[in-house]
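Got your viewer open? Let's take a walk through this one together, picking one thing to select at a time.

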Amino acid sequence: MLLSLPALHLQTSEYHPLFQLPHGRLGPWCSPTGSPAPLSCETGCGEGSWILVCRLLVPTQVSLLSMEEDIDTRKINNSFLRDHSYATEADIISTVEFNHTGELLATGDKGGRVVIFQREQESKNQVHRRGEYNVYSTFQSHEPEFDYLKSLEIEEKINKIRWLPQQNAAYFLLSTNDKTVKLWKVSERDKRPEGYNLKDEEGRLRDPATITTLRVPVLRPMDLMVEATPRRVFANAHTYHINSISVNSDYETYMSADDLRINLWNFEITNQSFNIVDIKPANMEELTEVITAAEFHPHHCNTFVYSSSKGTIRLCDMRASALCDRHTKFFEEPEDPSNRSFFSEIISSISDVKFSHSGRYIMTRDYLTVKVWDLNMENRPIETYQVHDYLRSKLCSLYENDCIFDKFECVWNGSDSVIMTGSYNNFFRMFDRNTKRDVTLEASRENSKPRAILKPRKVCVGGKRRKDEISVDSLDFSKKILHTAWHPSENIIAVAATNNLYIFQDKVN
Amino acid sequence: MTRMMFARGLKRKCTEDEEAAPSYSRQRQSLLDMSLVKLQLCHALAEPSLCRSVLIANTVRQIQEEMTQDGAWRGAAPQTTGRAPLDRLVSTDLLCRSVRDGAGDGPAAPAPRGLQSSIWEGDGPLEDKGSFQKSLDQILETLESNTPLSVDELFSDVDSSYCSLDAVLTGVVGGAQSGQDGLEALAAMAAPAPSTSCKSDLGELDHVVGILVET
């Protein structure tokens, strides 16, 4: 399967303003009112550190990649698109992931496509374009399938993408839908051999009798072609929905986790995997807990964690036994009795778990908070950040409309000092772990004019609504930021807002 | 706030208050009903999210446990009539707040008619915890086996997508509420935007709800 550039359905021509990230650790965060943001962390910090200072932003070019405009073109041009009445549904981005250098950014969508963006090459006369990403390759990773035994449709939606560390000129990534993981090779070709005289123009072998000399072919440049090739297909190992994949630091294995089981694979072997966790009760009537996310330790290839719908995290050591049903560490925070309600369990269900780059901490996201755990302390998180605590009194409605089951993800910045996660109304939040400052930003086309400052947003919680504040009741719950990514070493972030991908960059880049 | 006062357990006469301000037990009942509808719709879907189903089932268990302790459970069963559940899907923000102290509400007024007996086909009026447990287990079992129950057929004309599930649920609520407060407005507003294609027409919705509550 070869698919070449250019991508048909993504435009990179639009401009987008930037916001400013803290420059290093001490950079001030913007606040429209100049008032301190609500203190969300229990660790004490001095009042003085909460003074937020506005800073002007230098306009820098950033791409806003919108898939909205080109639907019609795609329908005509892309035969792989299903004949579906609402094509936009397939365009909804379902995962975003930078590769290990940050040069490439991959997105997966509900239509089973993977789109890879490449960072604009640096050039001396175009300094302002350094943060821009352009479409590099796009391919159909998964197709809708039908399980005839169970009489079930298998969606093509890409649940997760994970890059493998680059070993040679080609790039490799894993993509998964509910059931099947695929290993893709993405490689470039910009030269082709020319000057063979053993074959004619159409590629047929010439009659050897007519060949009197042997010519050595030469490589001639040609238009760059990017090919995506499926190299491995890891299928038939998951009965439930795969929610996570994670590449091990040994670079030879990876794991895939579904609601009840975690499997360990070798990249070279597709016809068998090892089941390392299985929490399926013998009697499904006793099922009260599911696995929600899992990840390998970034440096210790024997260690991984998985989170559960009961708000707990288990750390397992594969050296202990082949089947890691028994955890090595168990992270759980005692329930706060003053906040107990019928929704306590639902909102404590962990939607994402991420090791810090250092491997010392784990970050978990539940419905209302982000927590940072120290691997050496199991009884409570060391930091808790409120993402949108104003929703606490709205849980009934959010249960009614099913929003309470939304699975928000969370990411670390390159130095593990800032964490980012999404919210509703196209808002996303950042928390500086050192200064304890936090900011709410909005990824939307309406509110961000070209080269303008991306203003911090504020949600009004009780009392009088100030100018520039938005009241809880007017938040749009259909616009949710579930997936974000942070460049591994720079202050560049990618934010997926339904079918739009925003890339924001710090001005110092 | 009046609601908070009820939450703290003012003695009240159920006849007057039922319509004016929903009591804790009433809200709890409506939450239970809502959860049961969700579970039911869940397994009408081709492949429900297991995580969501488990969380809802745990919520149902929790409510049931509390109601059993209250003695409210037994009262909940007998009077199953008409379209009551519709009227009771009211704002239940009391439940979001905090634990109610056990003594607070007192034994709940005979909680209105239960939806359960109609959902669990052929189970008849719910008599005790046992048969409820059985029903719940049945649902969980179905989650695993994906074998359609007969009730599924009732939903067969409903497009099995997340969207329509949501539309049905929010539709049930929206249609039933006349007194708009902030919370309801929120719920209404929060209905998914891309719903032009999946707005169930009201007739169909009524049909579905009718089946659900029919005895």
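Before the first stop, a working rule: rings of Phe, Tyr and Trp (its six-membered ring) make an aromatic pair if their centres lie within 6.5 Å. By that rule, the structure holds 21 aromatic pairs over all chains. Keep in mind along the way that this is a predicted model.

**Stop 1: one aromatic pair**

Select F139(A) and W184(A). Their rings form a tilted pair, 4.4 Å centre to centre, with 40° between the planes. Now look at where each ring comes from: F139(A) sits in strand 6 (residues 133-140) of chain A and W184(A) in strand 11 of chain A, 45 residues apart, so the pair links distant parts of the chain. Are these two residues buried or exposed? F139(A) is buried, with a relative accessible area of 1%. W184(A) counts as buried too, at 1% relative accessibility.

While you have rings on show, add F234(A), Y254(A), W265(A) and F267(A) to the selection. These four form one aromatic cluster.

**Stop 2: an open sheet**

Stay with strand 11 of chain A, residues 181-194, and bring up the sheet around it. Four strands of chain A make up this open sheet, in the order 9-10-11-12, and their pairing is antiparallel. Which strands stand at the edges? Strand 9 (160-163) and strand 12 (218-234) of chain A do; each has a single partner strand, so one side of each has no neighbour in the sheet. Neighbouring strands here are turned by 25° against each other on average, direction ignored.

For a detail, zoom in on strands 11 and 12 of chain A, which pair in the antiparallel sense over 13 bridges. Select P193(A) and you'll find L219(A) opposite, in strand 12 of chain A.

**Stop 3: a second open sheet**

Move along chain A to strands 13 to 16. Here is an open sheet of four strands in the order 13-14-15-16, with antiparallel pairing. The edge positions go to strand 13 (242-247) and strand 16 (274-278) of chain A, each with a single partner strand, so one side of each is left without a neighbour in the sheet. On average, neighbouring strands of this sheet are turned by 20° against each other, direction ignored.

How many bridges join strand 15 (residues 261-266) of chain A to strand 16 of chain A? Four, with the two strands pairing in the antiparallel sense. Click on I262(A) and then on its bridge partner in strand 16 of chain A, V277(A).

**Stop 4: a strand on the inside**

Next, select residues 361-365 of chain A, which are strand 22. Five of the five residues are buried, so this strand is largely enclosed by the rest of the structure. Spin the view to check both faces: Y361(A), M363(A) and R365(A) lie on one side, I362(A) and T364(A) on the other, and all are buried.

Now show what strand 22 of chain A pairs with. Strand 21 (residues 352-355) of chain A joins it in the antiparallel sense over four bridges, and the bridge partner of F355(A) is I362(A). The hairpin of strands 21 and 22 of chain A has five residues between the strands, and G359(A) takes a positive phi near 85° in it.

Then add strand 23 (residues 369-374) of chain A, which runs antiparallel to strand 22 of chain A and is joined to it by five bridges. M363(A) stands opposite V372(A) in strand 23 of chain A. Strands 22 and 23 of chain A also form a hairpin, with three residues between them.

**Stop 5: step back to the chains**

Colour by chain. Chain A has four helices and 33 strands, while chain B has 13 helices and zero strands. Of the 509 residues of chain A, 55% count as buried; of the 215 residues of chain B, 55% do. Chain A exposes about 22,400 Å², with carbon and sulfur atoms supplying 50% of it. For chain B the exposed area is about 9,100 Å², and carbon and sulfur atoms supply 55%.

**Last stop: cysteines**

Select C410(A), which counts as buried at 0% relative accessibility. Then select C51(B), also buried, with a relative accessible area of 11%. How many disulfides are there over all chains? With a disulfide taken as a pair of cysteine sulfur atoms within 2.5 Å, the count comes to zero.

Technical notes
Residues are numbered from 1 along each chain as its sequence is written. Chains are lettered from A and ligands numbered from 1 in the order in which they are written. This is a predicted model: local features need pLDDT of at least 70, side-chain atom pairs count only at pLDDT 80 or more; totals for chains, interfaces and linings use all residues. Side-chain values use heavy atoms; hydrogens and water are left out. Buried means under 20% relative accessible area, exposed over 50%, partly exposed in between (1.4 Å probe, protein chains only). Two strands pair if DSSP finds at least two bridges between them. Axes are lines fitted to C-alpha atoms, for helices over the stretch in contact, and angles run from 0 to 180 degrees between N-to-C directions. Accessible areas come from the Shrake-Rupley method with a 1.4 Å probe; for residues, only the protein chains shown count as cover. Rings of Phe, Tyr and Trp (its six-membered ring) pair if their centres lie within 6.5 Å; planes under 30 degrees apart count as stacked, over 60 as edge-to-face and the rest as tilted.
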